[in-house]
Amino acid sequence: MNDVSPPTISAIIVSWNRLPLLQAAIRSLREQNYPSLEVIVVDNGSTDGSVEWCEAEGDIRLIRNQSNLGAAITRNQGIRIAQGKYVLFMDSDAELKTPGGLQRLAGHLEANPDVAAVAGIYFSDEALTELWCWSPCMDWEGSHDAEASMHPKDNIPTLSTCLQLTRTDLLWEIGGFDEYFFYLYDDADLSDRLRDLGYKLAVDPGVKIWHHFAQEGRVQRDHLAHHYYYEDLRLRYVMKNYGFLCYLRTCGRRLVYPRRWLRLYVYMKPWHIYDVYGFRALKHIFSYFAIRKSRTQKWV
């Protein structure tokens, strides 16, 4: 008879105006029947009844923010109060669909002390037939490599915080999430810093997650505004984790061959190219030393 208690898990779910999705996410965790689970919801100023529902449940630890502070800051808030040996980061539009999935993920970390974090594989439909991502991959410019992300691999470069289980002590050691990344690249940056400690990342393909990719609860931007936002984060990420020369190469490609990118980004005009990859890119260059130093900065 095995009397060893399962390791404690703190699930941190950040949500903003996603009550039905949030309820489904938490229901999928409760259906795991994991005996040592605490659920922490960090609400970013919802007005759809999410706060009231969480308070009425009684077994949810709730952090209330007055406005949308983004993913990185609010996950750090959750880390600060998490009591579990492991932290489960979970998007509010995700559902854990594998019975015993939490046990599998926790068991993987228990059996592999050289692994910092582990995730399952992600599907975009409830029937789990449309693979969304096996594990996220990026190319040398820090852009999403959709093809590579679909295939199994031994050396996992990045895990998605859509749903991943991470060692709490290592989160404290690296200082949590870089709070510059409001949303996007926060998980890639976290993965890089965990691997910098000498640990591995892992995927258990037997654990399956349904990612709704819901538009509710996302900051809505038009194509041009999203491009400015996304490229600011990507360029900072490249400067921080890939270095100065790679940063110059990725900006230079777009400045030297603007027509190629105008065909790709049909919503942009020539001056947008020079603004994003020239004028605005200078701020990262002037902040080079501060950005590189942030690799060892701590936010929690």
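# Reading strands and salt bridges in a predicted model

User: Serine 15: buried or exposed?

Analyst: Serine 15 counts as buried, because its relative accessibility is 2%. The cut-off for buried is under 20%. Bear in mind that this is a predicted model.

User: Where does serine 15 lie, and which residues does serine 15 touch?

Analyst: Serine 15 lies in strand S1, residues 9-15. Leaving aside residues up to four places away in sequence, serine 15 touches Leu22, Val42, Asp43, Asn44, Ser46 and Ser92.

User: How many residues of S1 are buried?

Analyst: Seven of the seven are buried, so S1 is largely enclosed by the rest of the structure. Take the faces in turn. Ile9, Ala11, Ile13 and Ser15 sit on one side, Ser10, Ile12 and Val14 on the other, and all are buried. Both faces of S1 are thus covered.

User: Next, strand pairing. In what sense do S1 and S2 pair, parallel or antiparallel?

Analyst: Parallel, over seven bridges. For a landmark, find isoleucine 13, which stands opposite valine 41 in S2. Then follow the chain. From S1 it passes through helix H1 (residues 19-30) to S2, a β-α-β crossover that is right-handed.

User: How do I read that hand?

Analyst: Point the strands away from you and trace the path from the first strand over the helix to the second; clockwise means right-handed. The crossover from S1 through H1 to S2 is right-handed.

User: How many bridges join S1 to S4?

Analyst: Six, and S1 and S4 run parallel. Look for isoleucine 12 opposite phenylalanine 89 in S4. Phenylalanine 89 is a useful marker for the next step too: its bridge partner in S8 is glutamine 164.

User: How do S4 and S8 run, parallel or antiparallel?

Analyst: Antiparallel. Five bridges join S4 (residues 86-91) to S8. S6 (residues 115-123) also runs antiparallel to S8, joined by three bridges. Here alanine 119 stands opposite glutamine 164 in S8.

User: Which residues point each way from S8?

Analyst: Leu163, Leu165 and Arg167 point one way, Gln164 and Thr166 the other, and all are buried. Strand S8 (residues 163-167) is mostly covered, with five of its five residues buried.

User: On to charges. How many salt bridges does the structure hold?

Analyst: The structure holds 22. Read each one by its closest atoms, then by the burial of its partners. Arginine 61 forms a salt bridge with glutamate 38, the closest N and O atoms being 3.1 Å apart. This pair links distant parts of the chain, with arginine 61 in S3 (residues 60-65), glutamate 38 in S2 (residues 37-44), and their positions 23 residues apart. Arginine 61 is partly exposed, at a relative accessible area of 31%. Glutamate 38 is buried, at 15%.

User: Which residue meets glutamate 95 in a salt bridge?

Analyst: Lysine 97, at 3.8 Å from N to O. Glutamate 95 counts as buried because its relative accessibility is 10%. Lysine 97, at 29%, counts as partly exposed.

User: And which residue meets lysine 240 in a salt bridge?

Analyst: Aspartate 189, at 3.0 Å from N to O. The pair links distant parts of the chain: lysine 240 in helix H8 (residues 223-241) and aspartate 189 in helix H7 (residues 186-196), 51 residues apart. Lysine 240 is buried, with a relative accessible area of 0%. Aspartate 189 is buried as well, also with 0%.

User: Which residues are linked in a network of salt bridges with Asp189 and Lys240?

Analyst: Asp178 and Arg193.

Notes. Residues are numbered from 1 along each chain as its sequence is written. This is a predicted model: local features need pLDDT of at least 70, side-chain atom pairs count only at pLDDT 80 or more; totals for chains, interfaces and linings use all residues. Side-chain values use heavy atoms; hydrogens and water are left out. Buried means under 20% relative accessible area, exposed over 50%, partly exposed in between (1.4 Å probe, protein chains only). Helices (H or I, at least four residues) and strands (E, at least two) are DSSP runs, numbered from the N terminus. Two strands pair if DSSP finds at least two bridges between them. Contact means heavy atoms within 4.5 Å. A salt bridge is a side-chain nitrogen of Lys or Arg within 4 Å of a carboxyl oxygen of Asp or Glu.
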